[in-house]
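Please look over this model together with the notes below. They go from the whole chain to single residues.

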Amino acid sequence: MAAGESSNDLASLRAEDLDIDAEESYEEVFKKPELPTVSIEDDDVPMFPAPNSAQRQAESSRDVSTSKSQRSMLARELLSSKQKPSVPSRGTSLGLQPPTSTPPTRLNVPGRNKVALQPGCSPLDWARIKNTTDLRVCNILIQGGVTSLLRVTPSELKQHNTRSDAWTALEGKIYNISPYLRFHPGGTDTLMRVAGRDGTRLFYLTHSWVNIDAIIGPAMIGVLIPEHS
Ligand code: HEM
């Protein structure tokens, strides 16, 4: 047997075995199986019964305009029609619906002692005022118009203990807390407890997470120095 004949026999055997049409290309024969695809846009409801089913024919020939099955069929037809409603649905194709109830109101958390602040005294209001107002000027002017940092002794600090003129020392820095009183989430009275004295310990005992500089940094007017220096 010649080598060429053997090769031809083998080729025809393979084609028969695999039931391959010689005209078909490799891609057509061995194409990848089509995988089912999921479209998140596809929210059409399949029509049931099928449009040309006997069940549907029987339904339509009957004159029972108010029957439950017809109403349900009409509803499905409406849903499955390509015409979209003029008002877009708020649901998603995954069946997730937005919450219809109002969000829960903030609960009183035990151990927290925030007070109800006056209108215009929210933390955001304070942030705006803090960044647009010179919080040091009034007190420094009282001290003689000095715009540099003051050197304040404990006895001098003690004299600034009224609401209109309240200073406190925090970590060695002196702050004018008068403008902040109305904005303090813990209330005016609690903040006044540190007026005229070193409030560092009380501050950190109450809220160690609060960043002093971020809240009242611009209200810093001086540094605390020892009494006899
Ligand atoms: C200049 C000093 C102070 C500053 C800048 C300050 C700032 C703040 C800030 C930003 C909050 C809100 C904290 C939060 O939302 O988590 C707060 C809450 C509070 N502060 Fe102060 N504070 C000062 C001094 C004090 C002092 C001396 C006391 C107590 C004697 C005090 C008592 C409170 C209380 C009770 C709250 C409510 C805490 C809570 O959420 O339960 N604060 N303060």
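What share of the 229 residues in the protein chain is buried? The buried residues come to 13%. A residue counts as buried if 20 or more other C-beta atoms lie within 10 Å of its own, as exposed if 12 or fewer do, and as partly exposed in between, with C-beta atoms placed from the backbone.

This is a predicted model: local features need pLDDT of at least 70, side-chain atom pairs count only at pLDDT 80 or more, and totals for chains, interfaces and linings use all residues. Residues are numbered from 1 along each chain as its sequence is written.

**Confidence**

pLDDT is the predictor's confidence in each residue, from 0 to 100. Its mean over the protein chain is 71, and 47% of the residues reach 70 or more. Among the elements, helix H2 (residues 26–29) has the lowest mean, 46, and strand S5 (residues 197–198) has the highest, 98. Two stretches have pLDDT below 50: residues 18–22 and residues 37–46. Beyond near neighbours in sequence, residues 18–22 have three contacts in the model, and residues 37–46 have eight. For the complex, the predictor gives an ipTM of 0.93 and a pTM of 0.58.

**Fold and core**

The protein chain has 10 helices and six strands. Helices (H or I, at least four residues) and strands (E, at least two) are DSSP runs, numbered from the N terminus. Two residues are in contact if their C-beta atoms, placed from the backbone, lie within 7 Å. Of the contacts with a separation of 6 or more, 71% join residues 24 or more positions apart.

Strands pair if DSSP finds at least two bridges between them. Two such pairs involve S6:

| Strand pair | Sense | Bridges | Opposite residues |
|---|---|---|---|
| S1 (residues 150–152) and S6 | parallel | three bridges | Val 152 and Leu 224 |
| S4 and S6 | antiparallel | three bridges | Ile 174 and Gly 222 |

A nonpolar core is a set of buried Ala, Val, Leu, Ile, Met, Phe, Trp, Tyr and Cys residues joined through C-beta atoms within 7 Å. The largest one has 20 residues. Leu 157, Trp 167, Ile 174, Tyr 175, Ile 177, Tyr 180 and Ala 219 touch the most other members. S3, S4 and strand S6 (220–224) each supply at least two residues of this core. S3 gives the most, with four. Beyond four places in sequence, the residues that Leu 157 touches include Val 152, Trp 167, Ile 174 and Leu 224.

**Ligand shell**

The shell around the ligand holds 22 residues, and Arg 112, Asn 113, Pro 185, Gly 186 and Thr 190 come nearest. Here a residue is near a molecule if its C-beta atom, placed from the backbone, lies within 6 Å of it. Helix H8 (188–192), helix H9 (200–206) and helix H10 (212–216) each give two or more residues to the shell. By type, the shell divides into 11 nonpolar, eight polar and three charged residues. Ala, Val, Leu, Ile, Met, Phe, Trp, Tyr, Cys and Pro count as nonpolar, Asp, Glu, Lys and Arg as charged, and the others, Gly among them, as polar.

**Two loop residues**

Glu 171 lies in the loop between strand S3 (165–170) and strand S4 (173–176). Its phi is positive, near 50°. Most residues other than glycine have a negative phi. Why does Glu 171 count as exposed? Because 12 other C-beta atoms lie within 10 Å.

Cys 121 sits in the loop between helix H4 (68–80) and helix H5 (123–132). Cys 121 is partly exposed, with 18 C-beta neighbours inside 10 Å. Outside its neighbours within four places in sequence, Cys 121 contacts Arg 182 and Phe 183.
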